[in-house]
Amino acid sequence: MTVLEVEHLRVAHRGHNQAGTPLETVRDVSFSVAAGESLGVVGESGCGKSQTMLAVLRMLAPTGAEITGRVHFDGKDLTALTPRQMRAVRGSGIGLVSQDALSALNPAMTIGAQMAEPLIHYDGFSRRDAAARCAELLDLVGLPGARERLRSHPHELSGGMRQRVLIAMAISREPQVLIADEPTTALDVTIQSQVLQLIDRLRKDLRMALILITHDLGVVAGVTDRIAVMYAGRIVETAPTTALFDHPAHPYTRALMDSIPRMDRPRVEYLPAIPGFPPDPAAPPPGCAFRPRCPAARAECEDSVPGLLPLTSAVPGHAVRCPFTAPVPAGADHRGERS
Amino acid sequence: MNAAGASPPATPGPPGTHTDSDAVTVADLRVHFPIRTGVLRRVTGTAHAVDGVSFTVPARSIVTIVGESGSGKTTTGRALVGLSPIASGRVSVHGRALEEIRREGSLPRLAQIVHQDPYASLNPRMTIRAMIREVISVHRTTPREKAGERVAELLAQVGLRTELADRYPHELSGGQRQRAAIARALAVEPRFIVCDEIVSALDVSIQGQIVNLLKDLRRDQDVSFLFISHDMSVVRHISDHVIVMYGGLIMESGPCDEVFSAPRHPYTHALLAAVPVPDPRAPGRPGEVRTRAEPPDPADPLPGCRFQRSCPFATEVCREGPPPPTTAAGAAGHTLACHHAGTPGVRAALSPKNPPPTNPSTEAPATEGPSPSPERTTAP
């Protein structure tokens with residue numbers, strides 16, 4: 001059952017340059033997630049992955065950002081709600097875990113006070129009940145000594161602990177959808193795997209839909225059912241996770257996979273990296289936005305933006321925005337050794 | 001090349017003795033910070049950030065310190081460029097004591113540092129060109145009339161197009177900013193550069209570019225690097241020698257291939273196991289959540305092994321005294337500090353036959369250890 005469906009979402013920022021041309025950060029993005037399903041959204045900085053989620057939650061600054069398209073959630077179109085109705089959706093309907101836990105938490109409030117606030121304000125909890133519920137949530141996210149932690153301030157916790165607090169806050173009102181925006185990027189590798197496992201377990205236990213945003217394909221491999229790869233504001237490939245790893249079709253997806261420093265392959269002298277940089281959103285290249293960095297670019301790539309079309313002879317749900325990709329599986333070099 | 005914990009290591013070249021092939025030698029380095037509390041900011045304790053670390057960085061090599069937050073890796077790196085208060089120990093850079101070099105003010109000419117966040121370390125109100133020119137004129141490395149050429153040369157070395165020279169840091173992408181920061185460090189023609197988590201904030205797709213750049217610089221110029229990171233997958237591709245730190249001490253140190261193919265310390269093994277495998281079918285996928293103990297409090301160092309609270313193999317002996325540095329059989333310069341380095345059960349669990357990244361389930365559950373650590377808890 002689909003819980004969140006986004007159709008033809010566009011975000012344009014006005015007034016960001018002298019010419020007055022709108023800065024389009026999200027260009028025609030559509031996706032959906034079902035209850036209990038997890039979707040990974042992968043792309044480099046500036047590809048629009050966070051902007052998409054902020055637009056869904058309507059957390060972009062109201063002046064300047066122009067959002068078009070539809071966001072269906074729980075029988076409502078979120079783009080048509082009043083700010084007051086929207087506030088009711090955030091937290092109870094869709095929870096958000098942001099990347100930087102230190103700036104997402106209020107430094108002057110104790111963990112307990114900021115966790116209890118929405119419970120008391122929206123759900124009618126008494127202070128005592130809210131405190132008990134918060135302790136329960138901190139237990140759930142594996143924070144040792146939950147009761148004492150409620151009296152701590154954010155700066156007294158380590159990065160991994162703060163991220164756990166954010167996750168506890170995001171799930172405190174039992175949202176149907178949890179959006180985790182680079183939840184582990186600021187964390188050490190050892191803590192990263194713990195936080196990923198935690199998010200994965202909570203999704204299964206609470207039957208939440210999960211949207212995991214990251215720049216690291218290695219992170220999403222183990223915890224997502226489906227992946228959408230974004231580049232320059234567009235989804236360039238979407239597929240079930242195993243299909244994407246077995247047969248990456250878009251040249252960008254392949255390049256992203258090649259750039260992961262692998263621990264299960266022989267050591268190489270030079271790490272593969274994608275040459276160049278993502279395009280300037282204010283002046284995207286004509287045609288396919290990946291063309292300047294694409295190893296397989298042709299003259300035709302400049303003519304028009306290719307459509308996101310299903311791959312023939314592929315797994316259902318595998319679509320790619322590149323007409324020149326080989327219809328046959330990409331081959332052994334992109335498969336894991338054990339697959 | 002050698003490295004060890006608190007006491008002098010057993011491998012060749014005792015710390016502090018300089019050979020011409022060494023860029024930096026560190027012997028029993030300790031960095032302590034005062035802990036101040038109350039309104040009067042009275043000193044009420046000492047944080048032992050680095051607590052007796054010895055290693056050498058051979059000339060034209062890339063040595064990596066890997067560890068998590070609070071392991072003392074950054075403090076160690078900063079100490080080598082004179083940015084951490086050294087409590088005791090000897091550091092020499094190209095054969096001369098750090099203190100002496102600092103007194104005569106020539107430390108910046110020898111050793112430079114590139115920080116993790118170039119946004120914070122580059123002046124937002126100066127263009128890249130102005131920033132590099134300033135360094136050149138302060139250190140008088142190039143005559144004024146040749147400064148323009150030198151800037152172009154430095155930008156070319158780090159792979160930045162010349163037209164980017166007149167941009168401000170905010171007009172560059174993350175990878176470009178990091179390249180500019182490296183160009184600025186190179187402007188003084190240092191012999192030694194500390195790179196503190198310089199790829200951690202970058203996209204995976206860009207990390208490779210910066211890693212390859214450092215390798216090129218090492219090949220083309222007489223410069224050695226101390227690379228500081230928490231990400232084993234990057235470390236594996238860049239290092240000649242790897243030093244694993246935890247709680248202010250060196251846990252394991254050895255040639256890169258050796259440490260990755262045959263990790264001998266439980267902490268190294270845990271670090272390796274934590275690297276996500278980009279393969280949806282990889283075994284040992286998320287199931288239970290194991291909460292590792294928090295890193296040891298630097299203000300109150302544990303007696304015994306610093307890793308004892310998170311170690312699946314910890315026994316009584318680990319709580320009693322610090323593990324003696326031992327030399328691992330097999331490769332030269334592979335040392336470790338672990339009481340159970342020779343215990344058969346532990347060695348089997350850390351065996352290279354069970355490569356941790358492909359099978360994290362062999363990360364020795366507590367039951368396999370001689371005595372499970374009571375602090376290791378499992379979340380509900």
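This is a walk through a predicted model, starting with chain B, moving to its contact with chain A, and ending at a strand of chain A.

Let's begin with the overall make-up of chain B. Its secondary structure comes to 13 helices and 15 strands. Chain B has 380 residues, and 52% of them count as buried. If you look at the contacts in chain B with a separation of 6 or more, 68% of them join residues that are 24 or more positions apart. For residues 35-272 of chain B, an unreviewed UniProt entry lists "domain: ABC transporter". That stretch is 40% helix and 26% strand, and its end C-alpha atoms are 33 Å apart.

Before the start of that stretch, have a look at Asp28(B), which is found in strand β2 (residues 22-37) of chain B. Is Asp28(B) buried or exposed? The answer falls in between: Asp28(B) has 18 other C-beta atoms within 10 Å, so it is classed as partly exposed, since a residue needs 20 or more to count as buried. Along the chain, Asp28(B) and Phe55(B) are 27 residues apart, and their C-alpha atoms are separated by 8.6 Å.

Now turn to where the two chains meet. Chain B brings 43 residues to the contact, and chain A brings 48 residues. On the chain B side, α7 (174-186), α8 (204-220), α9 (232-238) and α11 (266-273) each supply at least two residues. Which helix gives the most to this side? It is α8(B), with seven residues. Sorted by class, the side of chain B that touches chain A holds 19 nonpolar, 15 polar and nine charged residues.

Helix α8(B) is worth a closer look. With 17 residues at 1.5 Å a residue, α8(B) should span 24 Å, and its end C-alpha atoms are 25 Å apart, which agrees. The buried residues of α8(B) are Val204(B), Ser205(B), Ile206(B), Gln207(B), Gly208(B), Gln209(B), Ile210(B), Val211(B) and Leu214(B). Their cover draws on both chains: it includes α11 (251-258) of chain A, along with β4 (62-66), α7, β8 (192-196), β9 (224-229) and α9 of chain B.

Next, consider the nonpolar interior. The largest nonpolar core has 102 residues, and those touching the most other members are Ala183(B), Cys195(B), Leu226(B), Val244(B), Met251(B) and Leu271(B). Leaving aside neighbours within four places in sequence, Leu271(B) is in contact with Val66(B), Met232(B) and Val244(B), and also with Val189(A) and Thr190(A) from chain A. Apart from this core lies another, of 93 residues, which has Leu78(A), Leu140(A), Ala232(A) and Leu256(A) among its members.

Ala232(A) leads us into a hairpin of chain A. There, strand β9 (residues 226-231) of chain A pairs with β10(A) in the antiparallel sense over six bridges. Two residues lie between the strands of this hairpin, and Ala232(A) takes a positive phi near 50 degrees. Within the pairing, Met230(A) stands opposite Ile235(A) in β10(A).

Strand β10(A) also pairs with strand β12 (residues 319-320) of chain A, in the antiparallel sense over two bridges. Here Glu237(A) has Val320(A) in β12(A) as its bridge partner. Why is β10(A) described as largely enclosed by the rest of the structure? Strand β10(A) covers residues 234-240, and six of its seven residues are buried, so the rest of the structure largely encloses it.

Conventions
Residues numbered from 1 in each chain as written. Chains lettered and ligands numbered in written order. Predicted model: local features only at pLDDT ≥ 70, side-chain atom pairs only at ≥ 80, totals over all residues. Buried ≥ 20, exposed ≤ 12 C-beta atoms within 10 Å, placed from the backbone. Helix = DSSP H or I, 4+ residues; strand = E, 2+ residues; numbered from the N terminus. Pairing = 2+ DSSP bridges. Contact = placed C-beta atoms within 7 Å. Nonpolar A, V, L, I, M, F, W, Y, C, P; charged D, E, K, R; others polar. Core = buried A, V, L, I, M, F, W, Y, C linked by C-beta atoms within 7 Å. Expected span 1.5 Å × (residues − 1). UniProt positions renumbered as here; feature names shortened; annotations may be inferred.
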